[in-house]
Amino acid sequence: MTKPNPSTRIPLAVFIGMPGSGKTRIGRELAGILKVPFKDSDIEIEMQESETVTDIFENRGEQEFRAIEAGLIINRLSGFDGVLSLGGGAPMSASVAEALRRYVAAGGMVVLLDADPREAISRASRSGNRPLLAKDAAARWRRLAEERMPVFTDVASLVVTTKGFSPMEVAQRIEDELYEHKVHVGGQNPYDVVIGNGVLEQLPSVVGEKVHKVALIHTDPVRVHSDRALDLLNEAGYKVTDITIPDAEEGKTVDVMASIWHTLGEEGFTRSDAIVGLGGGAATDVAGFAAATWMRGIRYVNCPTSLLAMVDASTGGKTGINTELGKNLVGSFYTPAGVLADMTTLSTLPNDIFVEGLGEVAKSGFIMDTHILDLLESHSRVLRDFDPQNLTPAQHAVIADLIRRTVTVKSAHVTADLKEAGKREFLNYGHTLAHAIEQIEHFTWRHGQAVAVGMVFAAELSHLTGHIDSETVDYHRRLLSSLGLRTSWQGGSFDEVLALMHRDKKARGNKLRFIILESVGVPIHLDDPPLDAVREAFERIRH
């Protein structure tokens, strides 16, 4: 088995900048806000070497100092989940610059403090521990800036201007950025998924100025959030029609959809109007299908309020409703104008509904981004026992990163294949059995829980057909169980399940088609496998 390495923690933020830019002061302020440890690489070096930075420069030379500095920073970029400030010249070392790029790729934030030169020179000159500014500080500072700033800009993921702001104000601005991510979904009709605290406030700008009327479709359990959306839309001058639908799968019916169409007709909705879907995955599915079918397509925006909806249903353009014969058999591919995943809505999410969303998160790790599995494994207890009232900033950042990474996986697949002709089908890992479970259990099972069992089934089938070893199957069970997800199911018969599998959207004619793993992170199609293997995989998830 190619099992992901155990996850290493990474800093919440790393500060870089010219001498005197305020990296240490602002870094300490941010660490205080987040209630996490703070480290300064220069101070760490002095503690490690029992010698000041100036003395190391004078006694051993800059080259040896840079080697010591690079080793310490590269070490701190893993295994430390606080705030880290780097010495002014640190990113000029090629190994440090490359390590910072890897850190950003892993979801980290490198903050470049862009300070006013006169203020920075003044502060740097007052310090007696800056050997490169020992003589003619102003001129040397400006020469160093010309050399360093292009490199700093290249490795930074966020540039913050500090002039006119106090250190605390700068730290607060960075805190806001720390929890907001934007994932671009490409294709014929591109759009952005914005993830972070308070991003619902952006709703009017995403709906757009040319829209006159807005239908706000939501469920009753999220009324506290839909009321806020209603206020925002009213304040922006839209005429809003408030439509409440039944919660979860009970809202995904032909009768509910007919009622929505009737309301849209009565209110005179035209192609210059829009729909906003707010709630869990079922609500965004219904809102999207209403938008896709009314007037053959009008603008819509998704505002997911559950983890499952944020990482799956709201993104990708799949819309639809259920019928008596199966889940999502009636629907369309229709992309939203944008998705606003406001993480403050998770504060009202019950634990079991949060946990089910981890099923789709884990799926994205198994099919592409194995670092997701690392994060899930390292933080399984916090995620399983999700308590939004007691989350630390670091834990909140982990959840934000998991959402960002999972949406990025989905974006990569739907950008390449909107209508599920090939690559997008990999997103259905675990779903063939999951949809059958949901149908047989009359949708009393949460989708993410069914997907978790479906992934164990798919892993067993991958093993039985010679693609992965038994240890990889065991890893599925171990990881999913640690998150509070189910890994077995005793309902239904094989014949019932087989019949429903033949109605699956991946089936071709009378042939079954599954998504399995070649290895962790590498999904493949499996067409018409031996029926005995399918039956045996089914039996193995019964225990």
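## A buried start: F366 and Y475

Let's begin with F366, whose relative accessible area is 0%, so this residue is buried. Keep in mind that this is a predicted model. Y475 counts as buried too, because its relative accessibility is 1%, and the cut-off for that class is under 20%.

The structure holds 8 aromatic pairs. F366 and Y475 make up one of them, with ring centres 6.1 Å apart and planes at 75 degrees. That angle puts the pair in the edge-to-face class, because planes over 60 degrees apart are counted that way. The pair also joins distant parts of the chain: F366 belongs to helix α14 (residues 351–367), while Y475 belongs to helix α20 (residues 470–482), and 109 residues separate the two.

## A tilted pair: F457 and F514

F457 and F514 form another aromatic pair, this one tilted, with 5.9 Å from centre to centre and 55 degrees between the planes. Here a helix meets a strand: F457 lies in helix α19 (residues 447–464) and F514 in strand β15 (residues 513–519), 57 residues apart.

Are these two rings buried or exposed? F457 is buried, at a relative accessible area of 1%, and F514 is buried as well, at 3%.

## A ring cluster and two charges over rings

Ring pairs also tie W489, F494 and F538 together into a cluster.

Finally, have a look at two arginines. R173 places its charged end over the ring of F165, at 4.2 Å from the ring centre. R486 has its charged end over the ring of W445, with a distance of 4.1 Å to the centre.

Key
Residues are numbered from 1 along each chain as its sequence is written. This is a predicted model: local features need pLDDT of at least 70, side-chain atom pairs count only at pLDDT 80 or more; totals for chains, interfaces and linings use all residues. Side-chain values use heavy atoms; hydrogens and water are left out. Rings of Phe, Tyr and Trp (its six-membered ring) pair if their centres lie within 6.5 Å; planes under 30 degrees apart count as stacked, over 60 as edge-to-face and the rest as tilted. Helices (H or I, at least four residues) and strands (E, at least two) are DSSP runs, numbered from the N terminus. Buried means under 20% relative accessible area, exposed over 50%, partly exposed in between (1.4 Å probe, protein chains only). A charge sits over a ring if NZ of Lys or CZ of Arg is within 6 Å of the ring centre and within 35 degrees of the ring normal.
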